Amino acid sequence: MALSSAKKTTATALGVTLAGAALAACGAQQGARTAPVSAPSPAPPSATIPHQTRTGTPPATSSRPPSRPASPPASSSATTRSDGAPGGTRVSREIQHGLEDGGKAVALTFDDGPDPRWTPQILALLARHHAKATFCEIGPNAQAHPAVVRQITAAGHRLCDHSVHHDEHQSAKSADYNTHEILDARQEIADAAGPGAEVPYYRAPGGDFKPWIREIAAGHGMRPLGWTSDSDDWKRPGTAAIMHHINANLRPGAIVLMHDGGGDRTQTVQALSQLLDQLDAQHYTYSFPGR
């Protein structure tokens with residue numbers, strides 16, 4: 001009986017040691033879950049994004065006990081060496097809720113595109129108001145519509161990685177799956193944009209910004225990008241309701257979350273037209289999120 005128990009204990013210890021070695025081999029993925037979970041079937045390009053659990057801040061952590069270490073390794077810090085940022089600069093793992101510019105400025109951000117119908121309409125409105133914005137793109141959508149991605153960059157706007165499949169429970173999956181969702185999407189977006197294009201931000205679908213998710217992004221030169229004013233336009237509640245949601249948290253330094261993909265964006269386009277008129281009348285300027 002004692003011999004059997006000892007064998008079980010030895011096997012368990014060996015399993016833990018091997019799992020720890022596999023995690024260390026992932027480099028920037030420290031803290032990711034080690035239990036592999038099958039990835040969902042790939043979504044077709046330009047697929048409609050499913051129901052989203054959007055909040056102004058990342059969702060609360062589940063009460064279910066995590067299968068990862070309770071805290072990151074002692075060597076972790078708030079800043080990660082960037083393999084993908086120009087000049088070997090360093091990128092913070094902290095979620096960015098601030099702007100590059102001070103004063104009465106606002107940052108406009110658009111998720112889930114690019115879309116060949118809605119993104120050009122949004123770009124036209126932005127150009128009319130001399131406004132700049134950040135477009136958080138789904139990798140396969142960018143791959144399917146490279147001409148639209150290049151319209152975005154040619155107009156001086158910025159790109160943001162918004163994953164491959166828009167999986168709002170991404171952090172519950174394996175380290176390999178998380179790496180695929182973040183880094184493969186970045187490559188698809190960069191390839192669509194053309195030589196020299198930058199993807200300086202990562203926005204987690206549904207705000208799933210667990211620490212190890214942020215570490216993968218920051219370790220490859222992408223600042224985790226949050227928001228402070230959520231339009232809820234993906235619900236299509238009506239133009240007036242979208243404007244109400246935006247104005248509830250609109251103030252200097254706000255990062256506004258809207259959508260240019262994932263479904264019918266008629267109400268978004270209408271609300272954006274009203275919002276830009278309002279911001280101009282209130283003497284706002286347009287900025288990018290800080291990096």
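Here are three short exercises on the salt bridges and overall build of this predicted model.

The model is predicted, so local features need pLDDT of at least 70 and side-chain atom pairs count only at pLDDT 80 or more, while totals for chains, interfaces and linings use all residues. Residues are numbered from 1 along each chain as its sequence is written, and side-chain values use heavy atoms, with hydrogens and water left out.

**Exercise 1.** Work out which parts of the chain the salt bridge of Arg 93 links.

*Solution.* Start with the rule: a salt bridge is a side-chain nitrogen of Lys or Arg within 4 Å of a carboxyl oxygen of Asp or Glu. Next, find the partner: Arg 93 pairs with Glu 215, with the closest N and O atoms 3.6 Å apart. Now place both residues: Arg 93 sits in the loop between strand 2 (90-92) and strand 3 (105-113), and Glu 215 in helix 6 (residues 211-218). Helices (H or I, at least four residues) and strands (E, at least two) are DSSP runs, numbered from the N terminus. The two residues are 122 residues apart, so the pair links distant parts of the chain.

**Exercise 2.** Decide whether Lys 235 and Asp 232 are buried or partly exposed.

*Solution.* First, the cut-offs: buried means under 20% relative accessible area, exposed over 50%, and partly exposed in between (1.4 Å probe, protein chains only). Lys 235 has 49%, so this residue is partly exposed. Asp 232 has 14% and therefore counts as buried. The two form a salt bridge, their closest N and O atoms being 3.5 Å apart.

**Exercise 3.** Summarise the whole chain.

*Solution.* Count the elements: 8 helices and 10 strands. Then turn to burial: of the 291 residues, 50% count as buried. Finally, the salt bridges number 7.
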